Amino acid sequence: MQPNKYNANSHTGRFNKRISVYGKEKFLNDQGKTAYRDVEIKKIWAKITPQTGKLQTQQADTKLANVTHKIEVNYGAGKDILNKMHLMYRDHRFDIKFILNPYFENKTLEIFVEEVTT
């Protein structure tokens, strides 16, 4: 008999946010030149954890918030995500800074992202 392989740390119930993965699509614009546009590639389940935040005041009393997050996804769902893509959750855009495969176990991916809001 095999031991129970349930692992609470990898249980998919913790991935409770539905995020969209966006990439660039090449197309010809009205002038016949090559241009790029953002297109949704797929939707996957994720866990979003805030990491750090910083508030800056710029000219004309403009506030700039710089917030970083860690987004965890199942390895199979996210293995084709690249650094040049971005993620969306509701109205929040997250630019990918780097992607980590913890301990090279191919179970989950940790995607470190930055959200810049004005």
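How much area does the chain expose, and what share of it do carbon and sulfur atoms supply? In this predicted model, the chain exposes about 8,600 Å², of which carbon and sulfur atoms supply 49%.

Begin with the whole chain in a cartoon view, where the secondary structure comes to 1 helix and 6 strands, and follow the elements from the N terminus in the order β-β-β-α-β-β-β. If you then colour by accessibility, buried residues make up 30% of the 118 residues in the chain. Among contacts between residues at least 6 apart in sequence, 49% join residues at least 24 apart.

Next, select strand β6, which covers residues 108-117, and pick out Glu110 within that strand. Glu110 counts as buried because its relative accessibility is 15%, below the 20% cut-off. Leaving aside neighbours within four places in sequence, show the residues in contact with Glu110, which are Lys70, Ile71, Glu72, Phe98, Ile99, Leu100 and Pro102.

Keep Phe98 from that set and add Phe112, since a search of the whole structure finds 1 aromatic pair, and the rings of Phe98 and Phe112 form that pair, stacked because their centres are 4.7 Å apart and their planes lie at 20°. The pair links distant parts of the chain, with Phe98 in strand β5 (residues 92-100) and Phe112 in strand β6, 14 residues apart. Phe98 itself counts as partly exposed, because its relative accessibility is 42%.

Finally, select Arg37 together with Phe27: the charged end of Arg37 sits over the ring of Phe27, at 4.0 Å from the ring's centre.

How values were computed: Residues numbered from 1 in each chain as written. Predicted model: local features only at pLDDT ≥ 70, side-chain atom pairs only at ≥ 80, totals over all residues. Heavy atoms only, no water. Helix = DSSP H or I, 4+ residues; strand = E, 2+ residues; numbered from the N terminus. Buried < 20%, exposed > 50% of the residue type's maximum accessible area, 1.4 Å probe, protein only. Contact = heavy atoms within 4.5 Å. Phe/Tyr/Trp six-rings, centres within 6.5 Å; stacked < 30°, edge-to-face > 60°. Lys NZ or Arg CZ within 6 Å of the ring centre and 35° of its normal. Areas by Shrake-Rupley, 256 points an atom, 1.4 Å probe, with all protein chains shown as cover.
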